[in-house]
Amino acid sequence: MAKNKQKPKQNLPSQTSSTPQAAAYSVPKNSENNFSLSPTVVYILLAVAVIIAFAAGFSNGFVNWDDQMYATENIMIQNPTFANLIKLLTVECALNYHPLTVASLWLNSVLFGKASTSFIVTNTLIHLVNTFLIFRFSQQLTRNNTLVSFLVALFWGIHPMHVESVTWVSERKDVLYTLFFFLACIQYVKYLEKNERKMLILCFVYFVLSCLSKAMAVVLPLVLLLIDYWFDKGFLTVKNITTKIPFFIVALLFGALAVHVQGGGDLGGRLEKMTLDVALSDALTLGDRIKFGFYGFLVYIFKLFIPINQHNFYAYPSPDKYGAIQYVTAPIWALLILGGAAFFFRRKKEIFFGIMFFFFTIVLVLQFLSVGGAILAERYTYIPYFGIIFLVFYFLNEKVTSKNLLLYGSLVIAPVFMYLTYKQTLTYKDTGTLFANSYKYEPESPVVNENLANHFGRSGEIDQVIRYGEYAASKGVQSYALMGALANAYYLKGNMPKALELYQKSIDNSPNHRKFVAYYNRGIANRDAGNFLQSAEDFTKAMELGQNKNAYLGLRAFANLKANKFKEAYDDYSTMINLGIAVDTAYNDRAVARYSLGDTQGAIKDLKEVMKRNPNYKDARDNLIKLGVQP
């Protein structure tokens, strides 16, 4: 492709600034390149690249890393009635309140079924749309420079660090809030161009939708200020800030709500809690939070260019390593980068814009406000990486004389990123592969060990449950899932006292919507340990707390019978007969209860009913003979 040295025409927004525009504020010139691909062809190329990079994840299953709360154990998603949709809008999920996200999962379940593939494919398609929006937004910023816009969108769309946001079902919130976030950005540029208030209103609507999808969207007003700066409308001017007052108000409201929910709040009882834990932690000093926050800032930048050693849980270091040089010096290096961006405020607008876009969109999750047990998370880079990728290709387009060299050189690197993305999607195949991958890098993490123990508990590998689970418990993990997995392991090993102790811990730490599982499991253990009275009480609690009130009726009836609570057993068996649950067994065992209550004729009647229904029922035949009645 031939070079075109002609400078592009200015295509700035028509709205004039209220302040004089200095020459240093002019939008950077972005050399034209005669890149002749039409937008349609670009969209096709982007779609092919993104689908190839992420397609391996389509056959993945759910992972028990929040997916149970969002999908597999969420009755409102598994039973997607309209009533459950309304209920979803008042439920906290995994310490987040994002009603639009859970509503999209509900709709996913309605339209495409409950299998993991439908959710993962939908995530990927939304990601593809986001890639298209990146292309469009980049075109606006570069005055339709197709080469730069294509390369920015391509590398953003196929980046390996985005696998967590796309392939992990629970991160529907990431792809969804990004969709509305960039729609808002695109709409805001249109507002600057045409100065029509309805466009600003539509931008505001997209912003609210983005906040309803994920609270990280609250940084959009800062990004809009950067867009003002890019298009020569000033930066932190009174006019720019006052125009965005409604945006800042919404940002404060959603930000406060996020902090409240992640701190364990329920809006004064208005939100139903699905999670007992809290995400916010004050265990770190302010100095440690600053060190770790800036350390994450640097690692995110490093992994943008060299995406290696990826995994899903980056644990904090042990306290004895808090003084390591990489943490102590991190604030210095990070402040040098931010200071460099400030230095280029008037000199190279793409540098200030790109770095500050990255910083503004990631600052809330840099662990200055310590959230969760991870020092960083790959999903947090989803929107922020746009800033630096845009900076890189904008800068290269200015400096590289041969646009063919820039294009083809980039296309040589792109398959490497696509391959790394492909490989990373495979780590999300199931819970075992996900945390086995993390274990390679974080073998001492209690969270990683806990999740491996829970995984092996579901697959029945008892010794592995005890190996990983006891390590996690020794590090202070007391989660209901881990306590339940360890309890089940010791139950299968025949160590009933230990199992019962752990079941109690599981009950104590379970959120209300999951307590029925722990009570059920303990009921089984108490039954097998001969504690029939306690077993009956456990099954009663499981029935009260579970969705299916009659699921454990037969188990409770048997426990009552063995505990000599014959009246209670009689009532349970009668209910089973009326409901048509295990009727032959219910008649036979009710006969035992009636006999024990002194109702011999009633017992004979029940046993005869069994023989009438099933002449081969041996227990009923033997019981009749014991009562002196010929079957």
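How many cavities of 30 Å³ or more does the structure hold? In this predicted model, the structure holds 2 of them, and the views below take up one of these cavities together with a helix and two loop residues.

**View 1. The second largest cavity and its lining.** This cavity has a volume of about 90 Å³. Its lining is made up of Leu95, Asn96, Tyr97 and His98, of Lys214 and Ala215, and of Phe254, Leu257, Ala258 and Gln262. Sorted by class, the lining residues are 6 nonpolar, 3 polar and 1 charged.

**View 2. Helix H16, residues 330–343, and its two faces.** The 14 residues of H16 should span 20 Å at 1.5 Å a residue, and the C-alpha atoms at its ends are indeed 20 Å apart, so the two values agree. Ala330, Pro331, Ala334, Leu338 and Ala341 are the buried residues shown here, and because they cover an arc of only 90° around the axis, they lie on the same side of H16. The buried residues of H16 pack against helix H14 (286–305), helix H15 (325–328) and helix H17 (349–362), whereas the face turned away from the buried side carries the exposed residues Ile332, Trp333 and Leu336.

**View 3. Asp232, in the loop between helix H11 (220–230) and helix H12 (238–243).** Although Asp232 is not a glycine, it has a positive phi of about 65°. Its relative accessibility is 4%, so Asp232 counts as buried.

**View 4. Asn309, in the loop between H14 and strand S1 (314–315).** Asn309, which is not a glycine either, has a positive phi of about 50°. With a relative accessibility of 43%, Asn309 counts as partly exposed.

Notes. Residues numbered from 1 in each chain as written. Predicted model: local features only at pLDDT ≥ 70, side-chain atom pairs only at ≥ 80, totals over all residues. Heavy atoms only, no water. Helix = DSSP H or I, 4+ residues; strand = E, 2+ residues; numbered from the N terminus. Expected span 1.5 Å × (residues − 1). Buried < 20%, exposed > 50% of the residue type's maximum accessible area, 1.4 Å probe, protein only. Arc of directions from axis to C-beta. Contact = heavy atoms within 4.5 Å. 1 Å grid on protein atoms, 1.4 Å probe; cavity = no way out; pocket = protein on both sides within 12 Å on 5 of 7 lines; lining within 4 Å. Points joined across faces, edges and corners; volume = space filled by probe spheres on them. Nonpolar A, V, L, I, M, F, W, Y, C, P; charged D, E, K, R; others polar.
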